[in-house]
Amino acid sequence: EQIKIDNTIREKVVFRGAQGFLVPGYLQYPIDAAKPRPCVLLLHGWSGSKEHFWKDGGYISGGNVRTALLTAGYAIMAMDAQCHGDRIAENDFAPVNHFVDPAMDGTQRKGYFTQQEIYIQTTRDYRRAIDYLETRPEVDSQRIGMFGYSMGGAQTFLLTGVDPRILVSVSCCTPADNSKWSSIAPQNFAAEIGQRPFMMIMGRSDTMCSIERAQALFDLIPSSRKQLMFLDAGHRLPPDYVPHAVSWFTANLP
């Protein structure tokens, strides 16, 4: 499926993930793709979907991020995390947030997959997406960046840590996870970022990650090209954060 949006082309891409589930996403790039473009992967938050990156002024201002990156000349790719968006069938068409289901005698309905499983599977899916991008002539697969918000911010640590093909990263409103032995805790992947440019944008009053925890996580990143920015906000950042995120890519992934 290919459609034209302003001066860009958006394609719906579907491939089979490591567990056999189909993984849907959008690849969008400037229509004047005379030369391969660097590509930024976009990762949404918990209970969100790839569609959040086509909505201006939403909870994550995802549409603003996508538009700004395309205007700056980047290609973008956004996919649904496991059990999210078009992949809700994997969770029996139920939201990932646990809730009381009247059809089940008022008992709490739980998802089929744990948070850990969703994080790990989504990270694997994005690695496979990079494999796919290596086959696309519109994309310079040697210049891949990534942007994640909330759950996507945590997954930014995971994916950057395990895949050296990610050259530049921006993680927004990363939730704190103090589990020392957790396989999805961002701090357990920070050391593997190495010297790659990495930016964190956080809210000073974010109840999911205090200033102290954000600073501690940032301090674990060994890169000499890193930045931690705090804005006067909670877990929902104002749209003002978008130019800062995009500037990080234009400076480090031109």
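These legends walk through several close-up views of a predicted model. Residues are numbered from 1 along each chain as its sequence is written, and side-chain values use heavy atoms, leaving out hydrogens and water. Because the model is predicted, local features need pLDDT of at least 70 and side-chain atom pairs count only at pLDDT 80 or more, while totals for chains, interfaces and linings use all residues.

**View 1. The whole protein, with 5 helices and 11 strands.** Helices (H or I, at least four residues) and strands (E, at least two) are DSSP runs, numbered from the N terminus. Of the 254 residues, 54% count as buried; buried means under 20% relative accessible area, exposed over 50%, and partly exposed in between (1.4 Å probe, protein chains only). Take the contacts (heavy atoms within 4.5 Å) between residues at least 6 apart in sequence: 68% of them join residues at least 24 apart.

**View 2. The largest nonpolar core, with 31 residues.** A nonpolar core is a set of buried Ala, Val, Leu, Ile, Met, Phe, Trp, Tyr and Cys residues joined through side-chain atoms within 4.5 Å. The residues with the most contacts inside this one are Leu42, Leu69, Phe147, Val170, Ile201, Leu237 and Tyr241. Several elements each supply at least two of its residues, including strand 4 (37-43), helix 1 (62-71) and strand 8 (139-149). Which helix gives the largest share? That's helix 5, with 6 residues. Look around Leu237 and, leaving aside residues up to four places away in sequence, you'll find that it touches Tyr59, Ser61, Tyr149, Cys172, Cys173, Ile201, Met202, Gly203 and Leu231. There's also a second, separate core of 21 residues, which includes Ile9, Tyr29, Ala75 and Ile166.

**View 3. Helix 2, residues 115-133.** The expected span of a helix is 1.5 Å times one less than its number of residues. For the 19 residues here that gives 27 Å, and the end C-alpha atoms are indeed 27 Å apart. Among the buried residues of helix 2 are Ile118, Thr122, Asp125, Tyr126, Ala129 and Leu133. An α-helix has 3.6 residues a turn, so residues three or four places apart point the same way.

**View 4. Lys50 and Asp80, a buried charged pair.** The structure holds 10 salt bridges, each a side-chain nitrogen of Lys or Arg within 4 Å of a carboxyl oxygen of Asp or Glu. Lys50 forms one with Asp80, the closest N and O atoms being 2.7 Å apart. Lys50 sits in the loop between strand 4 and helix 1, and Asp80 in the loop between strand 5 and strand 6 (99-100), 30 residues apart. Lys50 has a relative accessible area of 0%, and Asp80 has 1%.

**View 5. Arg136 and its two partners, Glu11 and Glu138.** With Glu11, the closest N and O atoms are 2.9 Å apart. Arg136 lies in the loop between helix 2 and strand 8 and Glu11 in strand 2, so this pair ties together parts 125 residues apart in sequence. The salt bridge between Arg136 and Glu138 comes in at 3.0 Å, N to O. Arg136 is buried at 11% relative accessible area, Glu11 is buried at 12%, and Glu138 is buried too.

**View 6. Two loop residues with positive phi, Asp6 and Ser150.** Asp6 isn't a glycine, yet its phi is about 55°; Ser150 isn't one either, and its phi is about 60°. Asp6 lies between strand 1 (2-5) and strand 2 (8-16), and Ser150 between strand 8 and helix 3 (151-162). Buried or exposed? Asp6 is exposed at 73% relative accessibility, whereas Ser150 is buried at 9%.
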